[in-house]
Amino acid sequence: MKTEKFNVTGMTCAACSAHVEKAVRGVAGVDTVSVNLLMNNMMVSYEEPAAAEEICQAVAAAGYGASPAGVQKVQREEFLADRETPKLRRRLLASLCLLLPLMYVSMGHLMWGWPVPAAFAQNPWAIALYQLLLTGLVMVINQKFFVNGFAGLLHRAPNMDTLVALGSTAAFVYSAVVMFRMGDAYGAGSAEMAMHCLHDMYFESAAMILTLITVGKMLEAYSKGKTTNAVKSLMDLAPKTAHVIRDGVEMTIDAEEVAVGDLFIVKPGESVPVDGEVVEGESAVDEAALTGESLPVDKSAGDRVSAATLNQNGALTCLATRVGGDTTLRQIIDMVENAVATKAPIAQIADRVSGVFVPVVITLALLTGAAWLFAGAGIGKALSYAISVLVISCPCSLGLATPVAIMVGNGVGAGHGILFKNATALEQTGRVNFVVLDKTGTVTEGKPRVTDICPVKESSEEELLRVAASLEHKSEHPLARAICERAEQDQIALGEVTDFKALPGWGVEGVLKRLSAVGGKAALLNERGLMTEEFLRLGEEMAAEGKTPLYFARGGMLVGMIAVADVAKPDSAQAVKEMKGMGIHVLMLTGDNRRTAEAVREKVGIDAVVADVLPGDKEAVIKKLAEYGKVAMVGDGINDAPALTSADVGIAIGAGADVALDAADIVLVKSKLTDVSAAVRLSRQVLKNIHENLFWAFFYNCIGIPVAAGILVPFTGLSLNPMIAAAAMSLSSFCVVTNALRLNFFDPGNAARDKRAKEVSMPELDGFIKIEEKEQGKENKDMVKVLDVEGMMCAKCQAHVQKALEGVAGVTAVEVSLENKTASVTMESEISDEMLSGAVTEAGYEVKGCRIA
């Protein structure tokens with residue numbers, strides 16, 4: 001399946017986009033189509049036998065133009081440039097130059113007696129001819145309405161231009177017919193009848209309709225141009241030139257010519273041209289352009305820098321790592337554009353209405369004219385009502401209601417380091433009922449440090465740290481890095497580990513100096529029969545303080561325990577408070593033990609915690625929560641990929657330069673948890689804006705069309721002149737776009753006006769808190785093993801075996817049968833056969849077999 005973007009030309013309203021979408025859907029092999037009226041493009045997912053050429057041909061057959069976006073040699077800046085507004089402004093000025101003298105005569109002179117040259121004063125035929133010529137010129141200037149409108153009609157795809165063209169043409173043709181009647185009146189010598197015919201003409205209405213619609217189109221184009229300001233401002237951030245060092249010589253070249261591996265220099269006050277890594281120098285870099293963070297970040301050798309960030313005080317020499325379309329800036333721009341190119345589910349109702357809107361309006365206009373003729377009105381009056389129905393109708397406001405709000409909302413989000421990958425994510429985020437947070441790196445800093453080193457009596461802190469760091473040296477886990485950093489700080493020499501193996505969710509193992517070594521959770525060492533009751537209790541005490549205990553053994557003997565602590569982020573408690581204030585249940589997922597997780601939960605204020613979860617089980621928790629409401633999962637986007645994908649909304653936090661994380665629907669550039677609540681807040685505001693726009697679009701048409709048809713005339717005498725109807729229509733789309741532009745003033749980080757959404761019931765956590773209990777079998781809960789024990793002769797032997805087994809950590813109950821020569825052992829978690837057998841053997845008895853009950 002291939003997804004490709006196409007640029008589309010010739011679309012003027014929502015009816016146009018609906019027709020283009022229908023045409024493309026008819027191509028064999030096309031899976032999905034999303035047409036964007038605002039950006040004049042579409043995203044198409046297709047497979048064989050469909051091809052780009054066939055898709056373009058289908059669009060052309062529908063009366064529009066299309067070309068693959070990647071084929072066009074137009075620079076992005078040129079494509080986003082507002083060329084439509086200047087064209088419409090010129091058309092409007094020319095139309096006004098003709099309309100004003102036309103209105104002076106047709107309205108000013110005939111209705112209010114304004115003076116005119118003597119040649120006109122007593123010559124109705126001259127006045128009529130004057131109006132005909134000026135109106136004809138206005139129609140020529142605005143010929144685009146007629147070309148697009150009648151072309152759509154011929155392709156059986158009428159659009160807004162069709163309504164305008166039909167309305168103004170009807171007024172012009174009717175007036176021309178009246179001119180011939182005037183000629184007959186002159187021929188019959190009836191000056192009074194000729195003057196009556198002059199008052200029955202609608203030339204000025206035809207010209208006024210076209211001019212007023214052009215006013216509306218110009219305002220709409222200007223406002224639409226403003227909606228892309230966020231993308232254009234991002235583009236403006238990128239410097240045009242770069243200082244590179246080639247063959248030992250510094251030279252200035254176009255930023256687009258920088259290649260990966262080039263050394264480039266960024267002087268104080270200059271912007272970084274491409275993404276790179278600092279090789280030499282120290283400085284503070286302002287990253288506000290990408291992250292929205294006002295405080296500059298210190299950079300030195302080894303640190304990454306991103307294109308468009310501003311170097312403040314020191315010179316930096318950097319190695320180019322990502323250039324052209326791969327830079328962070330370009331990926332952000334792509335993400336904002338692609339999000340707008342997708343369609344939000346809420347837009348579907350407007351799309352369905354737009355598809356039939358114009359044909360329905362044309363039918364209503366014909367019925368209106370016929371009804372007034374049947375009621376006894378003259379043909380001129382009936383035509384006036386029919387024209388009013390045609391020109392007051394506005395499918396554009398329906399088509400623009402959603403995409404303009406999505407465009408502006410995405411721009412606002414990008415300015416605050418919140419990147420929505422598609423319109424669906426922007427809509428769904430505001431509707432989430434549960435936010436599930438990964439612990440490490442999301443709720444906590446993700447930079448744990450060693451707090452306690454507790455060796456067994458036979459070992460030492462140095463030996464314990466050497467074993468632990470040697471094992472963890474090959475691990476990528478944040479806890480492993482903390483141990484390695486402590487060993488480096490204490491200048492501990494590490495041993496070579498072979499046969500290294502990571503045990504996801506449990507720990508690590510390998511061979512250290514020809515002896516097997518293992519490290520990780522208590523459950524892992526319990527399973528290997530290496531845990532002692534003393535250290536199990538010590539670990540529980542550490543966990544109660546919010547620390548994570550890690551146990552290490554070598555050569556079949558426990559070496560000790562190292563406690564590692566990861567402090568909560570400064571804004572975690574505030575973020576959780578804000579989310580709960582919005583009516584969202586906040587949960588935390590972690591593979592850490594329950595005591596440590598509970599300590600973090602209490603400190604931050606999270607509703608519930610799901611602890612001891614293996615990486616593969618996180619997805620099951622999300623699916624369980626999804627039965628109760630919409631779920632957002634927040635993680636680092638790498639280790640949490642399955643959970644992020646299975647959630648309704650996946651949010652990757654602290655992405656930094658890696659903004660294109662595939663698993664996430666939303667990427668938060670910064671590591672601030674408050675950006676999650678900001679994303680929810682922004683989504684809700686955009687949804688509110690879309691609802692306002694849709695309400696206005698539907699309300700306007702539902703009220704405007706009946707009033708234009710004259711429904712109020714029998715009751716109040718109120719009717720709409722076609723010119724007033726055109727003025728109303730010209731402002732309707734402008735109002736929708738202007739309302740969306742208000743989002744530019746919205747601050748996603750301000751929680752002052754948060755409203756509590758309707759909450760869903762919080763599920764009973766006991767039902768799924770331990771995924772392994774419910775989804776992977778209940779044998780882990782109160783597991784029972786039966787040992788066949790040889791050598792028991794009396795009640796005293798029975799008591800010895802029972803006491804020996806009760807001393808094993810994790811055993812909750814023991815029943816020894818002297819008659820059956822068996823011992824039934826109940827455990828809270830699985831204990832290895834070797835550990836149980838070893839306890840019995842040490843008591844002086846022999847174990848012949850061990851099985852699960």
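## Briefing: cysteines, a cavity and some strand pairs

C318 is buried, with a relative accessible area of 0%. That value, like everything below, comes from a predicted model. Here is a friendly tour of the cysteines, one enclosed space, a helix residue and several strand pairings, grouped so that you can follow along in the structure.

**Cysteines**

- C850 makes a useful companion to C318: at 24% relative accessibility, C850 counts as partly exposed, while C318 is buried at 0%.
- C850 falls in the partly exposed class because buried requires a value under 20%, and C850 has 24%.
- The count of disulfides comes to zero.

**The second largest cavity**

- Searching the whole structure turns up three cavities of 30 Å³ or more.
- The second largest cavity holds about 50 Å³ of space.
- Its lining is made up of M160, I213, G216, K217, E220, C394, C396, M729, S730 and S733.
- Two elements, α10 (203–227) and α30 (722–741), are the ones that give two or more residues to the lining of this second largest cavity.
- Of the contributors to that lining, α10 gives the most, with four residues.
- By chemical class, the lining of the second largest cavity divides into five nonpolar, three polar and two charged residues.

**A residue in helix α24**

- E578 sits in helix α24, which covers residues 572–581.
- Is E578 buried or exposed? With a relative accessible area of 11%, E578 is buried, because the cut-off for buried is under 20%.
- Once neighbours within four places in sequence are set aside, the residues in contact with E578 are T674, S677, R681, A751 and D754.

**Strand β18 and its two partners**

- Strand β18 (residues 507–512) has five of its six residues buried, so β18 is largely enclosed by the rest of the structure.
- One partner is strand β17 (residues 497–503), which pairs with β18 in the antiparallel sense over five bridges.
- Within that pairing, T498 has V511 of β18 as its bridge partner.
- The hairpin of β17 and β18 has three residues between the strands, and G505 there takes a positive phi near 85°.
- Strand β19 (residues 515–520) also pairs with β18, again in the antiparallel sense, over six bridges.
- Here G510 has A517 of β19 as its bridge partner.
- β18 and β19 make a hairpin with two residues between them, and K513 in the turn has a positive phi of about 55°.

**The β10-β9-β12 sheet**

- Three strands form an open sheet in the order β10-β9-β12, with antiparallel pairing.
- At the edges are β10 (297–299) and β12 (310–311), each of which pairs on one side only.
- Three bridges link strand β9 (residues 283–286) to β10 in the antiparallel sense.
- Which residue of β10 stands opposite V285? That residue is V297.

**The β28–β29 hairpin**

- Strands β28 (residues 811–817) and β29 (residues 822–827) run antiparallel and are joined by six bridges.
- V816 has A823 of β29 as its bridge partner.
- Four residues lie between the strands of the β28 and β29 hairpin, where K821 takes a positive phi near 60°.

How values were computed: Residues are numbered from 1 along each chain as its sequence is written. This is a predicted model: local features need pLDDT of at least 70, side-chain atom pairs count only at pLDDT 80 or more; totals for chains, interfaces and linings use all residues. Side-chain values use heavy atoms; hydrogens and water are left out. On a 1 Å grid over the protein atoms alone, a cavity is a set of points where a 1.4 Å probe fits but cannot get out, and a pocket is an open set with protein on both sides within 12 Å along at least five of seven lines; lining residues have an atom within 4 Å of a point. Grid points are joined across faces, edges and corners, and a volume is the space filled by probe spheres set on the points. Ala, Val, Leu, Ile, Met, Phe, Trp, Tyr, Cys and Pro count as nonpolar, Asp, Glu, Lys and Arg as charged, and the others, Gly among them, as polar. Buried means under 20% relative accessible area, exposed over 50%, partly exposed in between (1.4 Å probe, protein chains only). Two strands pair if DSSP finds at least two bridges between them. Contact means heavy atoms within 4.5 Å. A disulfide is a pair of cysteine sulfur atoms within 2.5 Å.
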